[in-house]
Amino acid sequence: MELQIQDLVSSIRKEGLEAANAEAESIIAEAKKKAESIVSGAKAEAQQFKDAAEKEIAILKESAEVGAEQAKRDAVLAFKSEIQGEFEKLLSANVRKELSGEGLGKLIRAAIAGENVADYAAEVSEVSDVLKKELAEEIKNGLEIRPTKGVQQGFRLAAKDGSGYFDCSDDGIMEMLMPYFRELDFQ
């Protein structure tokens with residue numbers, strides 16, 4: 001009987017160990033599945049973060065390139081505007097300088113060349129002795145020279161019959177010349 005009891009205990013122990021081992025293997029298998037699932041989920045989440053970061057980097061890079069192009073275009077436009085402003089100042093100063101004294105008389109003479117001078121009046125800011133001396137011959141032939149408030153520098157050649165005038169004042173000349181300077185293309 002002792003043998004039977006020992007066999008029975010041995011059998012119970014064996015069955016218990018087998019059951020315990022089976023349950024342990026089941027728990028280990030379940031833990032491995034959960035671990036694989038966690039690792040797989042973590043890898044997928046990490047890939048999502050990586051993809052999102054790469055998209056954000058691409059957007060920031062594109063935005064920086066667009067910003068750099070805009071800044072470049074703004075700088076070129078500012079430079080062009082600055083250069084045109086300087087051209088205008090230089091041109092204005094040179095035009096004003098040339099539209100006085102003897103130079104003014106020569107310009108009036110050139111404007112009426114080949115015309116009947118008696119049909120015209122030269123409107124100037126001030127009738128100076130230098131101007132009268134320079135245009136003495138034309139004044140004898142009927143050219144009228146008169147001061148006008150509307151002309152600061154230069155002259156306006158007006159038809160005496162009121163049919164029109166040719167504006168050679170500093171502002172008129174600047175108005176004629178500036179379109180050529182505004183079309184300069186800096187690239």
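This note goes through a predicted model of one protein chain, point by point.

1. Overall make-up. The chain of this predicted model holds five helices and four strands, and a reader who follows the sequence from its start meets them in the order α-α-β-α-α-β-β-β-α. Of the 187 residues in the chain, 19% are buried. The accessible surface comes to about 14,100 Å², and carbon and sulfur atoms account for 55% of that area.

2. Contacts across the sequence. If one takes the contacts between residues at least 6 apart in sequence, 61% of them join residues at least 24 apart. One pair that can be looked up in the structure is Val130 and Leu104, which are 26 residues apart in sequence, while their C-alpha atoms are 9.6 Å apart in space. Val130 belongs to helix H3, and it counts as partly exposed because its relative accessible area is 42%.

3. The nonpolar core. The largest nonpolar core has 15 residues, and those with the most contacts inside it are Ile108, Val124, Leu131, Leu143, Ile145 and Phe155. Helix H2 (101-112), strand E1 (120-124) and strand E3 (154-159) each supply at least two residues of this core. As general background, nonpolar side chains tend to be buried together in soluble globular proteins.

4. Phe155 as a place to start looking. Which residues does Phe155 touch, once those up to four places away in sequence are not counted? The list consists of Leu104, Leu107, Ile108, Ala111, Glu123, Val124, Phe166, Asp167, Cys168 and Ser169. Two of these partners, Ile108 and Val124, are also named, together with Phe155 itself, among the core residues with the most contacts.

5. The hairpin of E3 and E4. Strand E3 runs antiparallel to strand E4 (residues 165-169), and five bridges join the two. Within this pairing, Leu157 has Phe166 of E4 as its bridge partner. Five residues lie between the strands of the hairpin, where Gly162 takes a positive phi near 80 degrees.

6. A nonpolar patch on the surface. Phe166, the bridge partner of Leu157, also helps to make a nonpolar surface patch of about 420 Å², together with Met176, Leu177 and Tyr180. Helix H5 (residues 170-182) gives the most to this patch, with three residues. Leu177 is found in helix H5, and its relative accessibility of 30% is why it counts as partly exposed, a class that lies between the limits of 20% and 50%.

7. A salt bridge between two helices. The count of salt bridges comes to five. In one of them the side chains of Arg109 and Glu134 meet, with N and O 2.9 Å apart. Since Arg109 lies in helix H2 and Glu134 in helix H3 (residues 129-134), the pair ties together parts that are 25 residues apart in sequence. Arg109 counts as partly exposed because its relative accessibility is 29%.

8. A network of salt bridges. Glu123, Glu144, Arg146 and Arg156 are linked in a network of salt bridges. Arg146 forms a salt bridge with Glu123, in which the closest N and O atoms are 3.1 Å apart. This pair links distant parts of the chain, for Arg146 is in strand E2 (residues 144-147) and Glu123 in strand E1, 23 residues apart. Arg146 also meets Glu144 through their side chains, in a salt bridge with an N to O distance of 3.2 Å.

9. Exposure within the network. Is Glu123 buried or exposed? With a relative accessibility of 11%, Glu123 counts as buried, because it falls under the limit of 20%. Arg146, in contrast, counts as partly exposed at 28%, and Glu144 is likewise partly exposed at 32%.

10. A buried threonine in a loop. Thr148 lies in the loop between E2 and E3, and its relative accessible area of 19% is the reason that it counts as buried, since the limit for this class is under 20%. Leaving aside neighbours within four places in sequence, Thr148 is in contact with Glu123, Val124, Ser125 and Arg156. Glu123 and Arg156, two of these contacts, also belong to the network of salt bridges, while Val124 is one of the residues with the most contacts inside the nonpolar core.

Key. Residues are numbered from 1 along each chain as its sequence is written. This is a predicted model: local features need pLDDT of at least 70, side-chain atom pairs count only at pLDDT 80 or more; totals for chains, interfaces and linings use all residues. Side-chain values use heavy atoms; hydrogens and water are left out. A nonpolar core is a set of buried Ala, Val, Leu, Ile, Met, Phe, Trp, Tyr and Cys residues joined through side-chain atoms within 4.5 Å. Buried means under 20% relative accessible area, exposed over 50%, partly exposed in between (1.4 Å probe, protein chains only). Contact means heavy atoms within 4.5 Å. Accessible areas come from the Shrake-Rupley method with a 1.4 Å probe; for residues, only the protein chains shown count as cover. Patches are made of residues with over 30% relative accessible area and no salt bridge: like charges are joined within 9 Å, nonpolar side chains (Val, Leu, Ile, Met, Phe, Trp, Tyr) within 5 Å. A salt bridge is a side-chain nitrogen of Lys or Arg within 4 Å of a carboxyl oxygen of Asp or Glu. Two strands pair if DSSP finds at least two bridges between them.
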